[in-house]
There are 6 protein chains.
Amino acid sequence: MTEFNQPISGNDLARFSGPNSFMRLPQAERLDGLDVAVLGVPMDIGTSWRPGTRFGPKQIRAESAMIRPYNMATGAAPFDSLQVADIGDLAINTFSLADSLRIIRDSYDGLLAAGVIPVAMGGDHSITLPILRAVAARHGPVALVHVDAHADVNDTMFGERETHGTVFRRAQEEGLIQPDKTYQVGLRGTGYTAEDFTEAQGWGFQQFPAHELWFKSLAPLGAEIPRDIGDRPVYVSYDIDSLDPAYAPGTGTPEIGGLTTPQALELIRALRGVNIVGCDLVEVSPPYDPSGNTALTAANLLYELICVLPGVKHR
Amino acid sequence: MTEFNQPISGNDLARFSGPNSFMRLPQAERLDGLDVAVLGVPMDIGTSWRPGTRFGPKQIRAESAMIRPYNMATGAAPFDSLQVADIGDLAINTFSLADSLRIIRDSYDGLLAAGVIPVAMGGDHSITLPILRAVAARHGPVALVHVDAHADVNDTMFGERETHGTVFRRAQEEGLIQPDKTYQVGLRGTGYTAEDFTEAQGWGFQQFPAHELWFKSLAPLGAEIPRDIGDRPVYVSYDIDSLDPAYAPGTGTPEIGGLTTPQALELIRALRGVNIVGCDLVEVSPPYDPSGNTALTAANLLYELICVLPGVKHR
Amino acid sequence: MTEFNQPISGNDLARFSGPNSFMRLPQAERLDGLDVAVLGVPMDIGTSWRPGTRFGPKQIRAESAMIRPYNMATGAAPFDSLQVADIGDLAINTFSLADSLRIIRDSYDGLLAAGVIPVAMGGDHSITLPILRAVAARHGPVALVHVDAHADVNDTMFGERETHGTVFRRAQEEGLIQPDKTYQVGLRGTGYTAEDFTEAQGWGFQQFPAHELWFKSLAPLGAEIPRDIGDRPVYVSYDIDSLDPAYAPGTGTPEIGGLTTPQALELIRALRGVNIVGCDLVEVSPPYDPSGNTALTAANLLYELICVLPGVKHR
Amino acid sequence: MTEFNQPISGNDLARFSGPNSFMRLPQAERLDGLDVAVLGVPMDIGTSWRPGTRFGPKQIRAESAMIRPYNMATGAAPFDSLQVADIGDLAINTFSLADSLRIIRDSYDGLLAAGVIPVAMGGDHSITLPILRAVAARHGPVALVHVDAHADVNDTMFGERETHGTVFRRAQEEGLIQPDKTYQVGLRGTGYTAEDFTEAQGWGFQQFPAHELWFKSLAPLGAEIPRDIGDRPVYVSYDIDSLDPAYAPGTGTPEIGGLTTPQALELIRALRGVNIVGCDLVEVSPPYDPSGNTALTAANLLYELICVLPGVKHR
Amino acid sequence: MTEFNQPISGNDLARFSGPNSFMRLPQAERLDGLDVAVLGVPMDIGTSWRPGTRFGPKQIRAESAMIRPYNMATGAAPFDSLQVADIGDLAINTFSLADSLRIIRDSYDGLLAAGVIPVAMGGDHSITLPILRAVAARHGPVALVHVDAHADVNDTMFGERETHGTVFRRAQEEGLIQPDKTYQVGLRGTGYTAEDFTEAQGWGFQQFPAHELWFKSLAPLGAEIPRDIGDRPVYVSYDIDSLDPAYAPGTGTPEIGGLTTPQALELIRALRGVNIVGCDLVEVSPPYDPSGNTALTAANLLYELICVLPGVKHR
Amino acid sequence: MTEFNQPISGNDLARFSGPNSFMRLPQAERLDGLDVAVLGVPMDIGTSWRPGTRFGPKQIRAESAMIRPYNMATGAAPFDSLQVADIGDLAINTFSLADSLRIIRDSYDGLLAAGVIPVAMGGDHSITLPILRAVAARHGPVALVHVDAHADVNDTMFGERETHGTVFRRAQEEGLIQPDKTYQVGLRGTGYTAEDFTEAQGWGFQQFPAHELWFKSLAPLGAEIPRDIGDRPVYVSYDIDSLDPAYAPGTGTPEIGGLTTPQALELIRALRGVNIVGCDLVEVSPPYDPSGNTALTAANLLYELICVLPGVKHR
Ligand SMILES: [Mn+2]
Ligand SMILES: [Mn+2]
Ligand SMILES: [Mn+2]
Ligand SMILES: [Mn+2]
Ligand SMILES: [Mn+2]
Ligand SMILES: [Mn+2]
Ligand SMILES: [Mn+2]
Ligand SMILES: [Mn+2]
Ligand SMILES: [Mn+2]
Ligand SMILES: [Mn+2]
Ligand SMILES: [Mn+2]
Ligand SMILES: [Mn+2]
């Protein structure tokens, strides 16, 4: 039918069968010819409350077996357009956060050198710092769409400078991102100081707290962000805890009053046409997801992100 | 107090006691005198992903013990108006889908001949095909209100023509429904082809995808459908996966971005006055419903459906 | 930094460590010097369906370890403003509802005599009757903000006059509350008679059923209630089942079609400036809360209630 | 086939279908003609730690659908021998322990007057005191086989004399049992005083602590007890927490180091030939039984108890 | 180190990473060069009570990531001895039991023609009938070691002759097995007739009911069976419900009073030296296995079965 | 009654109430006057498979509320004999294993200098290495009773020398323990090399693999070990995974075929009279313990360890 990799169809092999790759896409060991590489970064030692994101990639892949190739709402046909494969998991060191971050950085340097767009399944949010280091090394400081309950701009936690709560302060300090083209969507909850959010605003970060988004479509905001980004390279970091715990209970640091999945879908779909150079979906913790639906949600959001990658045709 | 069957009151017998009938209504073995027959069709061998709907009727009944007789929002008083009983479960053949569908058809022929309105607790959605065959045999092609994440209009699945994903293509081919009076509400997700939904639109099906309904009341749509139906006989098939997994996690093929329970209630309540000749609530899978609240939701939606059956008085 | 008690910071002691007090505040054995006393009333023998609220206080405390001191949305800084401590649990008699209610009354007389504002973690809703008796004894009949799926105005249940379903009829009969300054928000579901809600309206209760609040901000209602209350002393009784089961599955008598957490937050935040003399959060049942997020929600709502207590500074 | 009530066969009606009666036996509303009445006593307000036994009867019935009529190990054919029915649940007052115990007593007086052998599904262990009062009123002081982790011989708990932990002290004080024909099997754990067990030995109770039974068959003890009882009327009270939590996790006050199900089966099977006048199986708490297997175990133990009732034929 | 396929080491790639193959062995698409093919048969439509075994292979593979290559108790070194790979899942038809059994038969004909020893992960027990048909076609009637709570010798269920409860009657009728070299170990529970087990004894089946094995080592029995088998080709069919539900809760038709894992290990280890031509492990149902340990047990038993295949060296 | 700290009685304050300290003992901030300090080491970043032991101390404390002061089986009366308190949790650095191990070492130096016997609730097994360093610094190389499924004698894991799998190789290399007075009980499962266990035997370790202990009392072994130890100082390290997963499902690296709780109790009780200078109970992972009973088991084993500390009187 097409020259591109296709997910195994649920009508050819029962959905509960087959490889545990993302959407049951082919598993690739080599990068040549790939446009998009889906990969797992199974790690939870950068988290401060509930663990479990080490099992995130495995569970997201399992639930992704439900997804069919065509996007009924947007017409996107990613597997008619791009060569996509699941390249497996990074071989992190589960006993050392510092070493794991180094491994992620090195691996991403290789992925980016091969010209693929990396789509990461976390893992906790600390994985995004080494990813951004590699991305900025290749593309220069990028625009950042960061969807999260938390700004993740702490300076240190227990004296550590690289954890899931300090990612975007480090990214800004190191010049990995363009501060005034950094959009933080879904922020809420409580802070250690009254200035927890506002300092980042001073750097130029554009913050859209959840309570300003309640009850309404994100289409208007979704239209605004791409306009503001223009043709800059952009990285999308999606923390599943941006969603309300009703929609995504299986996460490490849940905060009430969050986004809904319709809002998440609108936000991602609005990114069609921007120059996405990489993205991640982090903080899915299967042990706290008894129905499996948080991983299902993550799988769908990753699919929707793939649907807005550059080059995807719509029908 | 009244000549009609009444649910056992939670103030007479503790809710965790008593028969496991729907709302603890009397269990009837004979149909004479009944206006409405609530029944279980405990079957899950027509499903393609997670199983478990075989336990749907049992769990829906268990959770229905919470429901009291009067509808506070609408004033409906179904048990002041109609003779309702739980007639138990159909004796399906759990090893053969084909044989089970035949048994359902035969049973429904009997129910309809007795003049009762059947209210079915599924079971997976494949039960609706033999039900519609019986309904059409008695009432002719019916209008159909079909609330679902999926259109269920596949041609075949693994070569099989009668599964939970092919019901409404078969119903249209066999002339069981009036295509232009067929309303599919809540559709979403991904498809095997880009035309998964549009072909059915060509048959006349009126489709209301979930993303067009997000964030807003379904009262306007709810007002429109009955107007369009007029006094035609109508069958209502309610797939619990039309709801978002946040509201109904316990189902076999969940899709994110779905309806909310307020929307579901509005939609059903809007059907007051139409000529409902039967209805079902399908796809509740208790093993994936750790809190029991999906079954509770199903029980309430069935109660609301009973509240809009012909002849129900409001106070 | 301040003379007031502070929660232990998640950056000083890992959140999964330390005392199981509310927000890891100091545990106080004496009341002198306290402005606000957080306490547990671990009891579930006044409930009619699922039990488990006896573990509510323990689980709410456990999940409260996630909460940081500053309210990012409202700027409230309660621990810069008031002396707050967790004073532990009341020593109820788990074998006798009557005796437990007596113990609660006696304990509250002592708390109120000491001039603290009591913030209770239930327990089932039956605890609110003896609390209101003590509150009225000290403050006279109070205004009441009662957020709940249920009006809790039954006369008797199994012949008993004091259960979780009869609280506010008793409160009105005994003159503990000002009926026309009683606001019941979130009511829904089914009733034993068609008059289950309307009788209370006759007493003057202002009822805001859930279906009138669907899809929209509660800020307007939130603005109205304080205006109507004026400077009367007010008690806030928050039944977690006011929330939809999608948001709060872990409760004893869930009803579909409920409030969302954004609505709950708006409603509580609107109470800033009223003269709250006490409050409770009831009906959290951990055995029905597999992800722990109902308790997390309860902990956050209690925090938000503390943020609107008289005297709290905002930044 | 026989004149006696038969369980519905799993080959006639799928096991997940049909009435929620014990073993899907007929539900009887009248006692005449019955030899054995299986009944539920759904109550958990006499318990001191985890609640949930109010759902015990419902869950035991649900899991009993697995059981077929013939005992493969012993040859017992109870439904070829006795008229057995499920007579439903006692209408206890879930808000008052004292009132509930009174209702149980009154109900049992009626059952025993009708000459049936009552087989009770609890409920917490406090139900056994009123049962023994009724039993002793009819049969005089009975021999007692009491299988439990706990001796349940506290004097008071929170000042209450009738709870799940005081049953057998009361029974001995009131002369309901023959102390020297009272066998307590499976005792273990910790005590409030060093004399927690030994005082009861002074009354004549024969105690068989779990640690004396580890690793070995209970057939020898099982042979001894009937010899010692002779033809006295005997009541069997089986607390599911006698089993190790590995075998029965779903209970309110679990104690490690308990009996195994092989031991439980041996003990019950050894009672063949004694004059059992009633029995109960208590303390099954479904909310703590995620796999449902504690209720399954309880259902099987109740079946085995029925297999050793007077008059049961063996093949 | 060796020319044979090796499991990925947990010290090379974190156990929660990598392919979801059995023990993270290489996934093979072709059979040439293989000695042993591990495969999944994900199916649950042949089961009569709880479903879920369709997810068995996926979950067994997931939990098998814990297993290291060397057997510490027996010294077996299977991956120093044999070429083992995971060949994925059979593409069964999830809507038709008959068609699925046909697919299994055809697939096994191919596997056996290629000379590999097939090691199947079920799936419900109905898969064993087509497997035995293929095995007998190649090897003639085989000796059978059948470990199970149930004899699975029903004639029909709901009129069907091929279900998980009729396998071994069919196998005996069709001459697939040598009746007097058929060993059924672990039988227990209840039966539809008093002759449920004894009829099979009449065919020559050697039955070892669980109650004769309680409390003791299976080493003696384990020594006896191989002696009796001699050098006949033997098939081993291991139903996980042979284990007590304490050890294996996650199964469809659990029966209390079962084997322990030490007994299971002894039994399998005793088979060293017999001529095993194939084996299966069936009836693992993940939805009923909240801790995942039933699948872990299954993975270990499959590993132990591989350790006793012909040709495995010991160190 | 006594001058010593007492647990709060379940008859004074309902068990689900009160502080979350071990057995609801007083929480001490200072060490003077203490004989025994119970403490938490909430950490899971040294684990290789399932995480979650960071919540171990909290959950063990919660379940310990069931335990009463007197040991019914042995007569031990620890709280009549010793001053015991819960001193809370160590403030580990959850982002750095190396730093956390350093903190544990420093904290233990302080504890031992104060002359208390530390009783630790883990956390994963990596905590035992810094503990042994402190213990050996004070007492010299100690005898070690190590109960575990695993020998934990790997050299490195992912290149790291200090993880939960390398503890006892390090301890032996560093001379912290007396190799020929090191007893490893319960070993089983699979290994990375055929010599995984035997190398340690070469150092002098006395290993008692699980399969040599199946089906029988550990009293003989329990008698042997103290005889062999004599009056040496001894440390007891108890890994909950020594128990079979049926008894302790909630752990990170479960292995089938393990010890039973009767065996665990026998083994600990046999240590009465030896000179225990410290002990720990590690690897309880609450997210994998849906019933809570693994934590309950851990709490009881810790209690039993306290019962055999030097100086405990028996009655
Ligand atoms: Mn984040
Ligand atoms: Mn976040
Ligand atoms: Mn459907
Ligand atoms: Mn659907
Ligand atoms: Mn209420
Ligand atoms: Mn309520
Ligand atoms: Mn008891
Ligand atoms: Mn007990
Ligand atoms: Mn079988
Ligand atoms: Mn079986
Ligand atoms: Mn260990
Ligand atoms: Mn271990």
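These legends cover close-up views of a predicted model, from a chain interface to two metal sites.

Local features need pLDDT of at least 70, side-chain atom pairs count only at pLDDT 80 or more, and totals for chains, interfaces and linings use all residues. Residues are numbered from 1 along each chain as its sequence is written, chains are lettered from A and ligands numbered from 1 in the order in which they are written, and side-chain values use heavy atoms, with hydrogens and water left out.

**View 1. The interface of chain B and chain A.** Here 41 residues of chain A are in contact with 31 residues of chain B (heavy atoms within 4.5 Å). The buried area is about 3,000 Å², with carbon and sulfur atoms giving 62%. This is the accessible area (1.4 Å probe) lost on putting the two parts together, summed over both. Of the area that chain B buries against chain A, 27% comes from B:Trp49, B:Tyr192 and B:Ile256, more than from any other three residues.

**View 2. Salt bridges and polar contacts between chain B and chain A.** The count is 3 salt bridges (a side-chain nitrogen of Lys or Arg within 4 Å of a carboxyl oxygen of Asp or Glu). A:Arg315 and B:Glu195 form a salt bridge at 3.5 Å, N to O. Polar contacts link 14 residue pairs, both residues at pLDDT 80 or more. Such a contact is a pair of N or O atoms within 3.5 Å; within protein, one must be able to donate a hydrogen and the other to accept it, and residues adjacent in sequence count only if both atoms are side-chain atoms.

**View 3. Strand pairing between chain A and chain B.** Strand β2 (residues 70-71) of chain A runs antiparallel to strand β7 (residues 190-191) of chain B, joined by 2 bridges. Pairing needs at least two DSSP bridges. Strands (E, at least two residues) and helices (H or I, at least four) are DSSP runs, numbered from the N terminus. A:Tyr70 has B:Gly191 as its bridge partner in β7(B).

**View 4. The manganese ion (ligand 4) in chain B.** Its donors come from B:Asp148, B:His150, B:Asp239 and B:Asp241, at 2.1 to 2.4 Å. Donors are N, O and S atoms within 2.8 Å of the metal (3.2 Å for Na, K and Ca); water is not among the atoms, so sites may look incomplete. Their spacing along the chain is D-x1-H-x88-D-x1-D. B:Asp148 also coordinates the manganese ion (ligand 3), 3.2 Å from ligand 4.

**View 5. The manganese ion (ligand 6) in chain C.** C:His150 donates through ND1, and C:Asp148 and C:Asp239 through OD. C:Asp148 coordinates both this ion and the manganese ion (ligand 5), which are 3.2 Å apart.
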